[in-house]
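Please walk me through this structure, beginning with the terms that a newcomer needs and then moving from the whole chain to single residues.

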Amino acid sequence: VDESVGKLVEPTSEAIARAVVDLLQNSDQAILKGKKARLRLLQQHSTDAYVDYLLRLYADLSFGGARTI
């Protein structure tokens with residue numbers, strides 16, 4: 001995950017709180033990050049993307065080729 005779809009913070013309550021406050025104070029930024037995150041989710045984790053992944057995996061395994069996934 002990168003900063004385009006969220007906030008990378010240290011795993012402390014203070015850092016998380018600062019990130020949440022920052023997003024609350026910058027709603028335009030939060031909305032944009034949310035839209036980008038949703039798009040990434042749909043592109044990378046949709047049913048179609050998973051089916052394509054499995055088809056490539058099965059093809060590689062059935063032909064004894066190197067995995068290209």
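A salt bridge is counted when a side-chain nitrogen of Lys or Arg lies within 4 Å of a carboxyl oxygen of Asp or Glu, and a residue is called buried when its relative accessible area is under 20%. Both terms will be needed below for a model that, it should be said at once, is predicted.

Taken as a whole, the chain has three helices and zero strands, so that, read from the N terminus on, its elements follow the order α-α-α. Of the 69 residues in the chain, 10% are buried, while the accessible surface comes to about 5,700 Å², with 60% of that area belonging to carbon and sulfur atoms. Among the contacts between residues at least 6 apart in sequence, 32% join residues that are at least 24 apart.

One residue to look at with care is Lys33, which is found in helix H2, spanning residues 27–44. Lys33 is buried and yet has no salt bridge, because Glu3, the nearest side chain of opposite charge, is 4.2 Å away, whereas the cut-off is 4 Å. The side chain of Lys33 does, however, reach the backbone oxygen of Gly6 at 3.2 Å. If neighbours within four places in sequence are left aside, Lys33 is in contact with Glu3, Ser4, Val5, Gly6 and Leu23.

On the surface, Val9, Ile16, Val20 and Leu24 make a nonpolar patch of about 360 Å². Leu24, one of these residues, has its place in helix H1, which covers residues 13–25, and Leu24 counts as exposed because its relative accessibility is 68%, where exposed means over 50%.

How values were computed:
Residues numbered from 1 in each chain as written. Predicted model: local features only at pLDDT ≥ 70, side-chain atom pairs only at ≥ 80, totals over all residues. Heavy atoms only, no water. Patch = residues over 30% accessible without salt bridge, like charges linked within 9 Å, V, L, I, M, F, W, Y side chains within 5 Å. Areas by Shrake-Rupley, 256 points an atom, 1.4 Å probe, with all protein chains shown as cover. Helix = DSSP H or I, 4+ residues; strand = E, 2+ residues; numbered from the N terminus. Buried < 20%, exposed > 50% of the residue type's maximum accessible area, 1.4 Å probe, protein only. Lys, Arg positive; Asp, Glu negative; His and termini not counted. Polar contact = N/O pair within 3.5 Å; in protein donor to acceptor, adjacent residues only side chain to side chain. Contact = heavy atoms within 4.5 Å.
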